[in-house]
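Welcome! Please take a moment to look over the sequence and the 3D view, and then read on for a short guided tour.

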Amino acid sequence: MRVFMTGHEGYIGSVMAPLFIQAGHEVIGLDTGYFAQCTLVPPALEIPTIRKDLRSVELSDLKGCDAVVHLAALSNDPIGNLNTQWTEEINFQGSVRLAELAKAAGIRRFLFSSSCIMYGMSATAVVTEESPLDPKTDYASSKVKAERAIAQLADKGFSPTFLRNGTVYGVSPRMRFDTVLNNLVGAAVTTGTVSLHGDGSPWRPVAHIEDISRAFLHVVEAPIDRVHNQAFNNGENGMNHQILELAHVVADTVPGAAVECLGSPDADQRTYKTDFSKFARTFPDFRFRWNIRTGAQELYQAFKGVGLTPDDFTSQRFTRLKWLRHLLETGRLDASLRWQVEGARV
Ligand SMILES: NC(=O)c1ccc[n+]([C@@H]2O[C@H](COP(=O)([O-])OP(=O)(O)OC[C@H]3O[C@@H](n4cnc5c(N)ncnc54)[C@H](O)[C@@H]3O)[C@@H](O)[C@H]2O)c1
């Protein structure tokens, strides 16, 4: 297939795009390149790239493609708080417009990278795809609105699929340290302490970046009647963990590291457990290969391998919100989060 992949120069896309190519597909990437330079290690492959803002995508960009994998988004909750309008324009309106264009271009398969965060903070129950959505942030709302609007476009010629990911961990050329397990291992390696802001009690579904990418690949290749206009929690049961458990796994993995619970009252208290049975029922042949122990070990070895320093770990290049703020403050991005001048991303 010729796959049109947006956001292929982000944390997940930098792993997913090469994986699709290794599986025999052609990938055309579209990315404005906010994080193009934010590499921890060089990207594995050069991907043919349309250097464009999602908000400016045109029908002609999609010509000749067989599937769309839509990853591009402002992807951190606090970014939604930075400017609600950007999240609305990019994550919601931009996604719906891309789906409309894909449909107009006759592209049937459309995979939307969604998030389990849309279930809100329900501590009481395990959430399935049928559970009520209760978005608590602009980011989460943008995913709910985009899913609903794109689902309306489904017909016999257009089959969107919504893959709701947990929090992703694992090594990527364009690393993020603002997601939980990556952050804990990075802290342990560079400071010797796994420091938890709160008491570590909240639950999170967490999934490895390669498993998530392989799952997207599996879905893009699946019989269309199985995935037509369906939402899936992307993972398997057993991927829900309390933050404290993650911290202890990290302390076991990184020699000499100790867990510290600060118990701060303003800590992020979002907590949810996700049911992944639908994914297992629908794709019985698919296996998720990673768990938090193998994932923490991989991160530890990679950070040791590159000689990760405290400066790297706290660098604005690996925290999405900090880097966008930096691009705004240095005048490279304008007030609409577009590049001031072409080439400013370098
Ligand atoms: N990382 C996670 O834990 C996680 C969890 C659930 C869902 N997701 C979703 O998966 C997708 C990818 O996440 P990620 O962690 O790789 O994020 P990321 O921030 O690392 O990558 C997003 C990419 O999209 C691009 N992009 C953003 N706005 C754009 C625009 N207006 N025009 C063109 N390109 C634009 C960025 O340049 C970047 O390369 C996102 O949709 C995110 O919401 C991620």
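## How residues are sorted

Ala, Val, Leu, Ile, Met, Phe, Trp, Tyr, Cys and Pro count as nonpolar here, Asp, Glu, Lys and Arg count as charged, and the others, Gly among them, count as polar. Please keep in mind that the model is predicted.

With those classes in hand, we can turn to the ligand. The shell around the ligand has 11 nonpolar, 11 polar and 7 charged residues.

## Around the ligand

Which residues come nearest to the ligand? Of the 29 residues around it, these are Asp31, Leu54, Ser75, Tyr139 and Arg176.

Some polar atoms can be followed one by one. A polar side-chain atom of serine 75 is 2.7 Å from an oxygen atom of the ligand. For aspartate 53, a polar side-chain atom is found 3.1 Å from a ligand nitrogen atom. Glycine 10 takes part through its backbone: one of its polar backbone atoms is 3.1 Å from an oxygen atom of the ligand. How much of the ligand does the protein bury? On its own the ligand exposes 820 Å², and the protein buries 98% of that.

Three elements give two or more residues each to this shell: strand S5 (109-115), helix H4 (138-152) and strand S8 (167-169). The largest share, 3 residues, comes from S5.

## Two serines to find

Let us stay with strand S5 for a moment, since serine 113 is found there. Is serine 113 buried or exposed? Its relative accessibility is 9%, and buried means under 20%, so serine 113 counts as buried. The side chain of serine 113 is joined to the side chain of asparagine 165 by a polar contact of 3.1 Å.

Another serine to look for is serine 172, in the loop between S8 and helix H5 (180-191). Serine 172 has a relative accessible area of 1%, and therefore it falls under the 20% limit for buried residues. Along the sequence, serine 172 and glycine 13 are 159 residues apart, while in space their C-alpha atoms are 8.9 Å apart.

## The second largest pocket

Next comes the second largest pocket, which holds about 260 Å³ of space. Its lining is made of 16 residues, and Glu9, Pro43, Leu45, Glu46 and Arg174 lie nearest the pocket's centre.

Which helix gives the largest share of this lining? That is helix H1 (residues 13-22), with 4 residues. Sorted by class, the lining has 7 nonpolar, 5 polar and 4 charged residues.

## Helix H12 and the segment after it

Helix H12 covers residues 320-329, and its buried residues are Arg320, Leu321, Trp323, Leu324, His326 and Leu327. A general rule helps when reading such a list: an α-helix has 3.6 residues a turn, so residues three or four places apart point the same way.

Just after H12, glycine 331 takes a positive phi of about 75°. Leucine 337 is also placed in the segment after H12. Although leucine 337 is not a glycine, it has a positive phi of about 65°. Most residues other than glycine have a negative phi. Leucine 337 has a relative accessible area of 0%, so it is buried by the under 20% limit.

## Another positive phi

Asparagine 229 is not a glycine, yet its phi is positive, at about 55°. You can find asparagine 229 in the loop between helix H7 (224-227) and strand S11 (230-234). Why does asparagine 229 count as partly exposed? Its relative accessibility is 27%, and partly exposed residues lie between the 20% and 50% limits, so asparagine 229 belongs in that class.

## Two partly exposed residues

Arginine 97 sits in helix H3 (residues 84-104). With 32% relative accessibility, arginine 97 counts as partly exposed. Between arginine 97 and proline 160 there are 13 Å in space, C-alpha to C-alpha, and the two are 63 residues apart in sequence.

Lysine 273 belongs to strand S14 (residues 273-274). Its relative accessible area is 30%, so lysine 273 is partly exposed. How far apart are the C-alpha atoms of lysine 273 and glutamine 242? They are separated by 9.4 Å, with the residues 31 apart along the chain.

Terms used. Residues numbered from 1 in each chain as written. Predicted model: local features only at pLDDT ≥ 70, side-chain atom pairs only at ≥ 80, totals over all residues. Heavy atoms only, no water. Near = heavy atom within 4 Å. Polar contact = N/O pair within 3.5 Å; in protein donor to acceptor, adjacent residues only side chain to side chain. Areas by Shrake-Rupley, 256 points an atom, 1.4 Å probe, with all protein chains shown as cover. Buried < 20%, exposed > 50% of the residue type's maximum accessible area, 1.4 Å probe, protein only. 1 Å grid on protein atoms, 1.4 Å probe; cavity = no way out; pocket = protein on both sides within 12 Å on 5 of 7 lines; lining within 4 Å. Points joined across faces, edges and corners; volume = space filled by probe spheres on them.
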